[in-house]
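Colleague: Could you take a close look at one part of this model for me, and then set it in its surroundings? I would like the cut-offs stated as you go.

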Amino acid sequence: MDIDRNAPVVVELETTVHAPIEKVWRLHTDIDAWPSWNPDISSARPRGDLAVGATFDWETHGLVIASTVAELVPGRRVVWGGPAHGIDGVHVWTFEEIDGGVLVRTRESWAGQPVEADPEGMRAALEGSLRAWLAALSQTALTQTALNAG
């Protein structure tokens, strides 16, 4: 599964996280713990184990979202999405072990009336949110890795 490449808003970003892939994957997929390391997420609660078809509820920037996992390849890839506040989002995350860490890629598409009404504003909001998420994931993984090494 991929994002909707024809959506009015598409954002694709990547970063290298200097930590073991197991650490990065565990942080990213431990949904309950998101608010402890990602300051943009005020609550997150899975409705069961992380698996294809599973739903989780989370709140970010005042928006309450229910996302459904569409694809899961442990340690490599997770895709989730669904409608929220008139926005139909699809979010793809991939994790690739590289020399010195993990290449984390995120791709997200947004479609729907609110997006069509302000595509540039929505693109800026999504890009800012994803940049902050990647930075928080990277910093937390790096910090935890350093603590475990010392």
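Modeller: What follows starts from one strand, moves to its sheet and ends with the salt bridges.

This is a predicted model, so local features are given where pLDDT is at least 70 and side-chain atom pairs count only at pLDDT 80 or more, while totals for chains, interfaces and linings use all residues. Residues are numbered from 1 along each chain as its sequence is written, and side-chain values use heavy atoms, with hydrogens and water left out.

The part I have chosen is strand S5, residues 77-84; strands (E, at least two residues) and helices (H or I, at least four) are DSSP runs, numbered from the N terminus. S5 is mostly covered, with six of its eight residues buried, where buried means under 20% relative accessible area, exposed over 50%, and partly exposed in between, using a 1.4 Å probe and protein chains only.

On one side S5 pairs with S4 (residues 63-73) in the antiparallel sense over five bridges, two strands being paired if DSSP finds at least two bridges between them. In this pairing Val 73 stands opposite Arg 77, and Leu 72 stands opposite Val 78. The hairpin of S4 and S5 has three residues between the strands, and Gly 75 there takes a positive phi near 80°. S5 is also joined to S6 (residues 87-98), again antiparallel, by eight bridges, with Trp 80 of S5 opposite His 91 of S6. In the hairpin of S5 and S6, which has two residues between the strands, His 85 takes a positive phi near 55°. As background, in a regular strand the side chains alternate between the two faces of the sheet.

The wider sheet is open and has seven strands in the order S1-S7-S6-S5-S4-S3-S2, with antiparallel pairing. S1 and S2 (41-46) stand at the edges with a single partner strand each, so one side of each is left without a neighbour in the sheet. Neighbouring strands are turned by 20° against each other on average, direction ignored, where axes are lines fitted to C-alpha atoms (for helices over the stretch in contact) and angles run from 0 to 180 degrees between N-to-C directions. Helix H1 (residues 21-29) packs on this sheet and touches S1, S4, S5, S6 and S7, its direction making about 165° with that of S6; contact here means heavy atoms within 4.5 Å.

Turning to charges, a salt bridge is a side-chain nitrogen of Lys or Arg within 4 Å of a carboxyl oxygen of Asp or Glu, and by this rule the count comes to nine. One of them links Arg 105 to Glu 14, with the closest N and O atoms 3.1 Å apart. Because Arg 105 lies in S7 (residues 101-111) and Glu 14 in S1 (residues 9-17), that pair ties together parts that are 91 residues apart in sequence. Arg 105 also forms a salt bridge with Glu 96, at 3.2 Å between the closest N and O atoms. Arg 105 counts as partly exposed at 30% relative accessibility, and Glu 96 as partly exposed at 32%.
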